[in-house]
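Colleague: Got a minute to walk me through this one? I'd like to go from helix packing to the sheet and then to the chain contacts.

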Amino acid sequence: MNHLLSTRDLSVDEIVQLLELADHMAEINSRAVPKVPALRGKTIASVFFEDSTRTRLSFETAAKRLSAEVMTFSASTSSVNKGESLRDTIETLTAMGVHAFVVRHKSSGVPKQVTQWTNAAVVNAGDGWHQHPTQAMLDAYTITRNFGDKESMAGRTIAIVGDIKHSRVARSNVDVFTRMGATVVLVAPDALLPSSIEGWNVTTASSIDEVVGHVDVLYMLRMQRERMDESLVISMKEYTDLYALTQDRAARLAPHALLMHPGPINRGVEMQVDPSEVPGSRILQQVANGISVRMAVLFSLLGGEISPAITLGGDA
Amino acid sequence: MNHLLSTRDLSVDEIVQLLELADHMAEINSRAVPKVPALRGKTIASVFFEDSTRTRLSFETAAKRLSAEVMTFSASTSSVNKGESLRDTIETLTAMGVHAFVVRHKSSGVPKQVTQWTNAAVVNAGDGWHQHPTQAMLDAYTITRNFGDKESMAGRTIAIVGDIKHSRVARSNVDVFTRMGATVVLVAPDALLPSSIEGWNVTTASSIDEVVGHVDVLYMLRMQRERMDESLVISMKEYTDLYALTQDRAARLAPHALLMHPGPINRGVEMQVDPSEVPGSRILQQVANGISVRMAVLFSLLGGEISPAITLGGDA
Amino acid sequence: MNHLLSTRDLSVDEIVQLLELADHMAEINSRAVPKVPALRGKTIASVFFEDSTRTRLSFETAAKRLSAEVMTFSASTSSVNKGESLRDTIETLTAMGVHAFVVRHKSSGVPKQVTQWTNAAVVNAGDGWHQHPTQAMLDAYTITRNFGDKESMAGRTIAIVGDIKHSRVARSNVDVFTRMGATVVLVAPDALLPSSIEGWNVTTASSIDEVVGHVDVLYMLRMQRERMDESLVISMKEYTDLYALTQDRAARLAPHALLMHPGPINRGVEMQVDPSEVPGSRILQQVANGISVRMAVLFSLLGGEISPAITLGGDA
């Protein structure tokens, strides 16, 4: 693995291996001093052209726990605005000794472009509507570790609810969940479904009520208020009538079912119940797992193999 | 001690102990390598919803000198604007492994709210007009160490001059100084006194000239130009006539008297003399003491007891 | 050396020594773990009043590789706007334990002012049109290491092309290049030459075509589009006709000639060829050398002498 640009770069076997590596990282994270020297001497640059404090902090925490140096390149405070200088930025940071770039951009395909300008590893931390592969990895980790079958989601039904069309999280998760054997149902108004879902290997439903009682995982997406304002979709009232998670609906989840959300939650919109009062909620577990999974990704890209320092439990 | 939200959370004995711990920290800070491993493996998040570079850097420096990891969450560049998502931010950062939050917010009570959403320790780094407890601790440290009685301010007269009404520094300091035995005089126009100071155990004066010649400590507050503009108070000219520290007034300070200010100084407003030319100025000493006191606070919250690494002088 | 404010502070011998120290730093940077404990316990504050992510990251990376603590003071997010509070900022950071300030400011002379307010070392990271001494050091390092004579540029011809008038890079480089023995030609329209270049020991040329075929180094400056807009100079078309590096012109460079640029490149303005296709381009090497040279500068200012940890190759 040289880069992680898309979940499609990984076979199911590779995904399973990555999640197993994340188990090791989770063990490190449970220690009193959650830090190992695995990536000492490596520099990881987070280059975010779209604000996402939580994703950036998750990656940076992961990097630090592996003893990498972190370089934060905040695109909003720098003078990078034009495509031409993005290349110069990447080349310059590479010349400064960066070993891996963690890139977020509002345009699909930018992380892949970045790979042409550097010999460093590139991790896609979300690009446009395209992909957010570490989100899918941490979601797969959360689901498989909760259900106890680490290699498959066969027999599980996962509903993904909300704005599928504009969601890189949905695209990444559909790919991983279906290839790992899950039955995936997309729950969205037509206006928020992609123009074509041919080849996605999913079914659809037109309200949350159709699925809530019999899914193993209810995966809620963030509804962007901006999209509502754009009148691209149905009205807020119609949307929440059919697609929001209310207390009543949450009560109809099976006892073993998981409630998940990539964050940040839009309370009062798609989430009309306090998730901390839903027993199946794994939303904060997703956040914690994100650190472990991102440690696994960075380590795989930069470490090459499982280091004795990790398996033997040495600390930094 | 689980949190430090208000000076009122601490008994005088606890304050005295904290300041004694700060003496140990000051000794560490005097070393060639001012760093100890005391909080290795701990993560401290600074979450500032109101800009204050100096207070943030003071806490972060304190954390690093104890070998804690620092996570800077800058609210101004993040998408946190609504009360509802503050909770999600805190829960998310907690899930990432934060052990202590250092919180500043323009609304009184926010740090206390934060304690409901996390099992991490919470330090109030200034909330609205309410409290700024570490400022009071560092001021108490500065006063007691200068006067040589580490356990009491009995017999000392401290004048606090300026906008008492809108000042969390004043509220915190009045509480600590009076409980440690000092006589406190508030010097402010009526419009800048709180509507009630019942129970504050202070006296008042209506010009700096009334007090400057016989105080042990002259504590100047920052005058916000904005308040002037709002015409909430008397005119700038009236204010500086009665409440600014001029060269003449500074010359009337007793030889042993201390000049203090929480910073940042508003030169030409409340401070019309160059403090570096006032022999009794301890304003920069307050800054240096701030590091030691905040190290003591973070260590007390996260370390539990004085570690051998500190008492034995080992470095990180 | 207490400060590095201007290239003029350094004799040629001192420059040569500094570049030799940079050779040691380059060796460190080539290691698997490019970090030494040389400046452990020191705190270096970057105080940038003008955004320059690349220069700031270069200095901060240099500081971290020497194991110094880095404190980033971003003037744009702080409340420093007035000259009077700049002093308080410097005094406050000094009281927090800063050992060296790296200062960038849009006004010439600010770094020198800063030296009056602190006993810490001060490095000028670019002030107005005045000086950018570490840029000149890294450029001299790049030139001397490429040509193999570490102590002199005698016999070399260096053309500096572009907006000389407003360029601190040009001022610093002219000083260092000429004192090291190079023949320097300034290539610019009259409007972009300083009003007087008396004492600069340079010649001038009025188009890039006059020089491109026989220089050893072609040093392109960044052309600020803003200056064009201000109509301070000739039109964009005239400028690029006479002063831009096109593919044709690049092809006329001697095989041994170096192409240099301080960055960030303004593609389509002064740089109309892709520099990665110019064999003599050392633009990214300049960036890499910048880390080594800044390590040498910080170490000289704070370390005093070459530490055994560096010469013996110990890592941090």
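Modeller: Sure, and keep in mind that this is a predicted model. Let's start with helix 1 (residues 12-29) and helix 5 (residues 133-147) of chain C, which pack with their axes 10 Å apart.

Colleague: How are helix 1 and helix 5 of chain C oriented to each other?

Modeller: Their packing angle is about 75 degrees. Angles of 65 to 115 degrees count as roughly perpendicular. Helix 1 and helix 5 of chain C are therefore roughly perpendicular.

Colleague: And how do the residues of that contact divide into nonpolar, polar and charged?

Modeller: Helix 1 of chain C brings Ile15(C), Leu18(C), Leu19(C) and Ala22(C), while helix 5 of chain C brings Met137(C), Ala140(C), Tyr141(C) and Thr144(C). Thr counts as polar, being outside the nonpolar and charged sets. The split is seven nonpolar, one polar and no charged.

Colleague: On to the sheet in chain C. Which strands are at its edges?

Modeller: It's an open sheet of five strands with parallel pairing, in the order 7-6-5-8-9. The twist averages 20 degrees from one strand to the next. An edge strand here pairs on one side only, and that leaves strand 7 (203-205) and strand 9 (258-260) of chain C.

Colleague: What is the bridge partner of Ile160(C) in strand 8 of chain C?

Modeller: Strand 5 (residues 157-161) and strand 8 (residues 217-220) of chain C run parallel and are joined by four bridges. Across to strand 8 of chain C, Ile160(C) is partnered with Tyr219(C).

Colleague: Which strands does helix 6 of chain C touch?

Modeller: Helix 6 (residues 168-179) of chain C packs on the sheet, and its direction makes about 170 degrees with that of strand 5 of chain C. The strands it touches are strand 5, strand 6 (183-187) and strand 8 of chain C.

Colleague: Now the chains. Which element of chain C gives the most to the side that touches chain B?

Modeller: In that contact, 16 residues of chain C meet 21 residues of chain B. Strand 2 (69-74) and helix 3 (83-95) of chain C each supply at least two residues of chain C's side. By class, that side has four nonpolar, seven polar and five charged residues. The top contributor, with six residues, is helix 3 of chain C.

Colleague: Last one: what kind of axis relates chain C and chain B?

Modeller: A turn of 120 degrees with a shift of 0.0 Å along the axis lays chain C on chain B, with an RMSD of 0.0 Å. The two copies are thus related as by a three-fold rotation axis.

Definitions and conventions. Residues are numbered from 1 along each chain as its sequence is written. Chains are lettered from A and ligands numbered from 1 in the order in which they are written. This is a predicted model: local features need pLDDT of at least 70, side-chain atom pairs count only at pLDDT 80 or more; totals for chains, interfaces and linings use all residues. Two residues are in contact if their C-beta atoms, placed from the backbone, lie within 7 Å. Axes are lines fitted to C-alpha atoms, for helices over the stretch in contact, and angles run from 0 to 180 degrees between N-to-C directions. Angles under 35 degrees count as roughly parallel, over 145 as roughly antiparallel, 65 to 115 as roughly perpendicular and the rest as oblique. Copies are superposed by least squares on the C-alpha atoms of residues with pLDDT of at least 70 in both. Two strands pair if DSSP finds at least two bridges between them.
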